[in-house]
Amino acid sequence: MDIFKKCYDFTAVRDAKEAGIYPYFHALESRQDVEVIMEGKRRIMLGSNNYLGLTVNEDIINAGIETLRQYGTGCSGSRFLNGTLRMHLELEEELADFLNKESVVTFSTGFQTNLGIISALVGHGDYVICDKENHASIYDGCKLSYGRRLLYRHSDMDELERILKGLPEDSGKLIVTDGVFSMGGDIAKLPEIVALAKKYGARTMVDDAHALGVIGRGGRGTADYFGLADEVDIYMGTFSKSLASLGGYMAASAPVAEYVRHTSRPFIFSASIPPASCATALAALRHLRTHPEIVDRLAEITRYAHEGMRARGIRIRESEGNIPIIPIYTNDVMTTLNVAKAIYDAGVYVNPVLPPAVPESDCLLRTSYMAIHTEALLDEALDIIQSVLVRFGIQ
């Protein structure tokens, strides 16, 4: 059979385009801001992970421009060989200090970071135990490892303990969880996870992609939020969200970081973070450190959005921690696609979330918020969303 047969038989995209409800690859024609020009029209952006709004901060933009002029467009090699700039080391040192960890390893993307950490640490005879709602990059990191992946129901600590209890005492065990779950916006039950890890001789790893800059003191993430900064073995995060750039990091003890740095294939065989991206991530980190009030402003805007949705009768999941991810449940695929298109046409961008990211009957619109949103802009956007939901009978 022709290996391309699956491609020729793949009609879902064509069908959605012909129906006028294809929701992906809308082209931006402006900066990633609270208001954007997308396909020739103004849209209020409620679908970005730019939580602190730093992609439009002029000091951070200028840091990237100056570095581009100084170092050129790329490093043209891996960190192992010709691709390490002094700036890469500065970023790692300052991030380690910010997170109160001994060492940081930076990767070229956030996705690669999870691939690189898990595949390096989990070997033959080891186990990696994951929340079912973890990010896809964690799943793929498990696939690249030589260990066995075990899944527990989302935030089900009883099932996690049953799994841990059934594993050999002398086996290597790594529990991996998102800190803030990217679709539901809920926070991992980290105190319980850490306690179970200690009880059963496991290590813990927290994916803080959606937590850095969002929760914890000054935006230090999930472990700090729970007062567990010294109890979590590995933090993973990205620069593509709160830090307004591209890349990822692992923060851990010095021996663990050194091991990953010298054994992780996604790290060793990838070109390093380009100079301008490194400079913008470093400038964004420094801005966060000197302006911790921006995290408070993000929480304030998030509370305003929650209250605005409740006042308008929009059905959402309540969550702790003022997480700037608020899902609106639309249930089935076709309703979700039609509602997302209607909201988009009315001038608001939100992200429709469909299988396999969620179960077939749990489709949703993922809305997300930035510290630079204004209350007036949110009122305009939420009024639009409410009017569309009413039209489709969802409230």
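How many bridges join β1 to strand β2, and in which sense do the two strands run? The legends below take up this question and then move to other parts of the structure, which is a predicted model.

**View 1. Strands β1, β2 and β11 form an open sheet.** Four bridges join β1 to strand β2, which spans residues 41-45, and these two strands run antiparallel. One place to find this pairing is at M38, which stands opposite K41 in β2. The sheet is made of three strands in the order β1-β2-β11, and its pairing is mixed. Because β1 (35-38) and β11 (348-349) stand at the edges and each has a single partner strand, one side of each is left without a neighbour in the sheet.

**View 2. Strand β8 is paired with β7 and with β9.** With strand β7 (residues 203-207), β8 pairs in the parallel sense over three bridges, and I234 in β8 is the bridge partner of M205. With strand β9 (residues 248-252), the pairing of β8 is antiparallel and runs over four bridges; here G237 stands opposite Y249 in β9. The side chains of a strand can also be followed by direction: I234, M236 and T238 point one way from β8, while Y235 and G237 point the other way, and all are buried. Since five of the five residues of β8 are buried, the strand is largely enclosed by the rest of the structure.

**View 3. The loop between β8 and β9 holds A244.** The phi angle of A244 is positive, at about 60 degrees, although this residue is not a glycine. For comparison, most residues other than glycine have a negative phi. A244 counts as buried because its relative accessibility is 16%, and the cut-off for buried is under 20%.

**View 4. Helix α12 is largely enclosed by the rest of the structure.** The helix covers residues 275-290, and at 1.5 Å a residue its 16 residues should span 22 Å; the end C-alpha atoms are 23 Å apart, which agrees. Twelve of the 16 residues of α12 are buried, and the helix is therefore described as largely enclosed. Among the buried residues are P275, S277, C278, L282, L285 and L288. What covers the buried residues of α12 includes the helices α3 (58-71), α4 (86-99) and α13 (293-311). When looking along such a helix, it may help to recall that an α-helix has 3.6 residues a turn, so residues three or four places apart point the same way.

**View 5. F98 is placed in helix α4.** With a relative accessibility of 1%, F98 counts as buried. Leaving out residues up to four places away in sequence, F98 touches L212, G218, G219, R220, L285, L288 and R289. By contrast with these contacts, N351 is 253 residues from F98 in sequence, and the two C-alpha atoms are 31 Å apart in space.

**View 6. N100 lies in the loop between α4 and β3 (103-107).** N100 has a phi near 55 degrees, a positive value in a residue other than glycine. Its relative accessible area is 46%, so N100 is partly exposed.

**View 7. The largest pocket holds about 900 Å³ of space.** Of the 40 residues that line this pocket, the closest to its centre are H135, A136, S182, M183 and A357. The elements that give two or more residues to the lining are α5 (110-121), α6 (136-144), β8 (234-238) and β13 (363-368). Sorted by class, the lining has 17 nonpolar, 15 polar and eight charged residues.

**View 8. S182 lies in the loop between β6 (173-178) and α8 (190-200).** At 8% relative accessibility, S182 counts as buried. Setting aside residues up to four places away in sequence, S182 touches H135, H210, I325 and R366. S182 and H135 are both listed among the residues closest to the centre of the largest pocket.

**View 9. The peptide bond from P355 to P356 is cis.** The omega angle of this bond is near 10 degrees, whereas most peptide bonds are trans. P356 is found in the loop between β12 (351-353) and β13.

Notes
Residues numbered from 1 in each chain as written. Predicted model: local features only at pLDDT ≥ 70, side-chain atom pairs only at ≥ 80, totals over all residues. Heavy atoms only, no water. 1 Å grid on protein atoms, 1.4 Å probe; cavity = no way out; pocket = protein on both sides within 12 Å on 5 of 7 lines; lining within 4 Å. Points joined across faces, edges and corners; volume = space filled by probe spheres on them. Nonpolar A, V, L, I, M, F, W, Y, C, P; charged D, E, K, R; others polar. Expected span 1.5 Å × (residues − 1). Buried < 20%, exposed > 50% of the residue type's maximum accessible area, 1.4 Å probe, protein only. Contact = heavy atoms within 4.5 Å. Pairing = 2+ DSSP bridges.
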